[in-house]
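Student: I am new to this structure. Can you take me through the reasoning behind its description?

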Amino acid sequence: MSADPRPLSPHLQIWKWSLTMALSIFHRAANIAVAAGVVVLTWWLAAAATGPAAYDQFIMVLSSPFGKLILFGFLAAVYLHLFTGLRHFLMDMGYLLTIKTADQFGAAILLATAFFTVFTWFFLTGGM
Amino acid sequence: MAQFTLPQNSKVTEGQAHNATSATTKNARTFRVYRYDPDTKENPRMDSFTIDLDKCGPMVLDALIHIKNDIDTGLTFRRSCREGICGSCAMNIDGTNTLACLKPIDEVKGDVAIRPLPHMPVMKDLVPDITHIVAQYASIEPWMKTESQAPARERLQSAQDADHLNGTDGKGPSACILCFCCSTSCPSYWWNGDRFLGPAILLQAWRWISDTRDEATGERLDALEDPFRLYRCHTIMNCTRTCPKGLNPAQAIAEIKKLMVARQ
């Protein structure tokens, strides 16, 4: 930025957040998290191709509490990005563009993300 | 590139506190008002004014006028019609953009924070410099363009066609008063306002595109077919939420995007 003598008025610092504004940034954050999670999956494949020692190391890291947190977060990000992506698709088709419908659908996809994440986690791990 | 923090010269400091209440005041309220004086080199500050609400009208604009009349005559803000049709007193009140004249004080809980429209260069106090956004408005050529022979009298339009402009509920694009509450509420416009036209201007673009008397629709769509001018809208919907007239710029932008696809 050039040295504009005029101050810039406050923006993000003072804005009162809403669900639709949060979902827009969640969509991007989930996108980054999914991309990062794919690196973990690549490590899984690479470890399997390298040999038993590397694979055991991968399993050890991912079955630690921290590793489980990473996997759980990855799962949540996949679902969230799936649903927010669907939301963008519908909005681009001209739906959900009133405050009421956008808020209702937004709340629904947050609930759906929580439900599918927990359901899938327990389905895959048997509750571990 | 998005800059999430304020530049050094824009950081807001704590200002003076004025108390205009007395022992007999029953209805005291504190207003925290953004101040910037271009004659000093000082950073902007938040002054607080504690006033007696029984001495002014019910709207935030009434409180500002009371402060200017009776406490600090230097307080600077735009206002004119005081009934929500001129768009002059657009400002950020309690974290949301609206018209001070349409915002009842009792809708705000606690202290009433008043700042200029967000992410704009500030000329003085609550007055932003709108030169750029007005130039963007001019760039969409907001007038009727025709090639057909002009009729002897005005160009007529059916009631149904007029509904595209006025809206059956009176909230169509022609009800926009260009207060710029929406554009300055939009994070995309904050980060890319140099090239993204923003919701107010795109709503006006839609107003001319959807006018059945206008004959330059193709030309208008060509001008918007650009990664920045139109497509920085990510349906954050702050525009629709903040519009003091209850209009829906997000819907208008979606309609333009749909036309872009339909004409391919």
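**The sheet and the contact**

Tutor: Start with chain B of this predicted model. Six strands there form an open sheet with mixed pairing, in the order β1-β3-β2-β6-β4-β5.

Student: What makes β1 and β5 of chain B the edge strands?

Tutor: Each pairs on one side only. In chain B, β1 covers 13-19 and β5 covers 96-99.

Student: How do you know that β4 and β5 of chain B pair?

Tutor: Two strands pair if there are at least two bridges between them. Strand β4(B), residues 90-93, and β5(B) have four bridges, so they count as paired. Their sense is antiparallel. One example is M91(B), whose bridge partner in β5(B) is T98(B).

Student: Which strands does helix α1 of chain B lie across?

Tutor: Helix α1(B), residues 60-70, lies across β2, β3, β4 and β6 of chain B. Its angle to β3(B) is about 95°.

Student: Why are some residues of chain B called buried?

Tutor: A residue is buried if 20 or more other C-beta atoms lie within 10 Å of its own C-beta. Of the 264 residues of chain B, 38% count as buried.

Student: How many residues does each chain bring to the contact?

Tutor: Chain A gives 25 residues and chain B gives 38. On the chain A side, α1 (19-50), α3 (65-92) and α4 (99-125) each supply at least two residues.

Student: What classes of residue make up that side of chain A?

Tutor: The side of chain A that touches chain B has 12 nonpolar, nine polar and four charged residues.

Notes: Residues numbered from 1 in each chain as written. Chains lettered and ligands numbered in written order. Predicted model: local features only at pLDDT ≥ 70, side-chain atom pairs only at ≥ 80, totals over all residues. Contact = placed C-beta atoms within 7 Å. Nonpolar A, V, L, I, M, F, W, Y, C, P; charged D, E, K, R; others polar. Buried ≥ 20, exposed ≤ 12 C-beta atoms within 10 Å, placed from the backbone. Axes fitted to C-alpha atoms, helices over the stretch in contact; angles between N-to-C directions.
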